[in-house]
Amino acid sequence: MKPAPFAYEAPETLPAALVSLARYGDEAKVLAGGQSLIPVLNFRLAQPARLIDLNRIDGLSYVRRGADGGLSIGAMTRQRELERSPLVRQVAPLLAEAVPWIAHPQIRNRGTVGGSLAHADPAAELPALAVALDARFRLVKEGGERWVAARDFYTGLFATLLEPDELMVEIAIPPAAPSTGFSFLEVARRHGDYAQVGLAASVTLDADGRCRAARLVYLSVGDGPVETPVAAALLIGQALNGESIAACAAAVNGEIDPLGDIHATPEFKRHLAQVLARRALALAGERAGSPM
Ligand code: FAD
């Protein structure tokens with residue numbers, strides 16, 4: 001199918017884009033990499049009256065060290081740039097590990113970080129990674145801006161706190177606490193397919209090698225990124241070993257409610273969630289320095 005007719009504009013500055021967004025609000029859609037929006041338009045799942053193309057605006061694509069020693073990423077940064085950035089590998093190795101799981105190189109060459117975060121597909125990697133990394137998003141509109149934590153941003157299926165006149169312009173990722181290990185694992189039918197289940201895990205150890213903090217954030221098991229804090233809390237104060245990890249993994253099922261789809265039944269997703277928890281926690285623990 002072809003999209004319904006729409007007006008098209010390609011502003012060359014951020015203020016000009018914000019003026020248009022303020023004027024057209026929910027009649028307009030912004031176009032970033034187009035890897036999700038164009039199929040949505042072609043299937044006529046959305047029929048915006050106007051597209052505001054962000055690709056000619058300078059200064060929205062960068063990966064820099066943030067003032068706090070973390071990462072500052074422009075929303076129009078292509079996913080492929082994250083994957084290739086030595087700074088990302090150094091400061092947020094979880095991102096470097098996980099981004100190659102997103103689709104295929106051709107799609108990552110065009111798809112942007114902000115586009116994926118704003119699109120809020122429950123099977124997408126970047127929203128879950130942003131929650132796992134305590135990321136914050138800078139949202140701007142004409143005459144105002146606000147920062148929103150990734151864990152507050154996702155409000156339901158393909159739903160976020162973004163207002164129709166707001167743009168996501170920046171993603172801030174704080175530096176990791178010392179003695180923290182991360183890991184990302186997913187299961188997909190073929191590499192490049194959307195995940196049946198995916199998991200970003202982190203573990204922080206104290207001076208005695210016991211778990212001081214742990215986090216599990218899943219994709220593809222709910223409406224958006226799904227964190228399992230009750231299961232993760234079972235690890236606090238524990239040495240990381242087969243027993244403590246198995247107890248945490250078994251508890252995950254109390255906090256997820258996966259829907260089945262043509263690729264996996266809810267039961268299979270629950271099974272995968274446990275298996276991934278065991279593997280991802282063992283890997284994150286090892287990377288944090290646990291003898292395991
Ligand atoms: P667009 O498609 O341009 O926009 C997506 C939505 O976000 C639109 O509603 C748009 O208005 C809005 N938007 C974009 N930028 C902003 C902004 N800065 N501020 C506010 N709103 C904004 N993704 C995965 O995560 N994992 C996969 O395995 C995966 N597989 C894929 C396989 C195929 C075959 C295809 C075509 C896509 C796949 N994707 C996958 C999606 C891909 O990662 C997209 O690039 C991404 O979801 C959207 O990024 P985009 O820059 O292309 O955004």
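This short talk goes through the ligand site and then the strand pairing of the structure shown above.

The model is a predicted one, in which local features need pLDDT of at least 70 and side-chain atom pairs count only at pLDDT 80 or more, while totals for chains, interfaces and linings use all residues. Residues are numbered from 1 along each chain as its sequence is written, and side-chain values use heavy atoms, with hydrogens and water left out.

Let me begin with the ligand. The ligand sits in the largest pocket, where a pocket, on a 1 Å grid over the protein atoms alone, is an open set with protein on both sides within 12 Å along at least five of seven lines, and sitting there requires that more than half of the molecule's atoms lie within 2 Å of the grid points. Around the ligand there are 29 residues, counted when one of their heavy atoms lies within 4 Å of it, and the closest are Val 30, Gly 34, Leu 37, Thr 112 and Glu 125. This shell divides into 15 nonpolar, eleven polar and three charged residues, with Gly counted among the polar ones. Helix 7 (113–119) supplies at least two residues of the shell, as do strand 2 (28–31) and strand 10 (167–173); helix 7 gives the most, with four residues. Helices here are DSSP runs of H or I with at least four residues, and strands are runs of E with at least two, numbered from the N terminus.

Which side chain has an N or O atom 2.6 Å from an oxygen atom of the ligand? That is Thr 112, while for the side chain of Ser 36 the corresponding distance is 2.8 Å, and a backbone N or O atom of Gln 35 also lies 2.8 Å from a ligand oxygen. Taken alone, the ligand exposes 970 Å², of which the protein buries 89%, by the Shrake-Rupley method with a 1.4 Å probe.

Now to the strands, which pair if DSSP finds at least two bridges between them. Strand 10, already met in the ligand shell, pairs with strand 6 in the antiparallel sense over five bridges, and Val 140 has Leu 167 of strand 10 as its bridge partner. Strand 6 (136–141) is also joined to strand 7 (144–149) by six antiparallel bridges, among them that of Arg 136 with Ala 149. In the hairpin of these two strands, which has two residues between them, Gly 143 takes a positive phi near 80 degrees.

Finally, four strands form an open antiparallel sheet in the order 11-12-13-14, with strand 11 (180–187) and strand 14 (226–227) at the edges.

Conventions: Polar contact = N/O pair within 3.5 Å; in protein donor to acceptor, adjacent residues only side chain to side chain. 1 Å grid on protein atoms, 1.4 Å probe; cavity = no way out; pocket = protein on both sides within 12 Å on 5 of 7 lines; lining within 4 Å.
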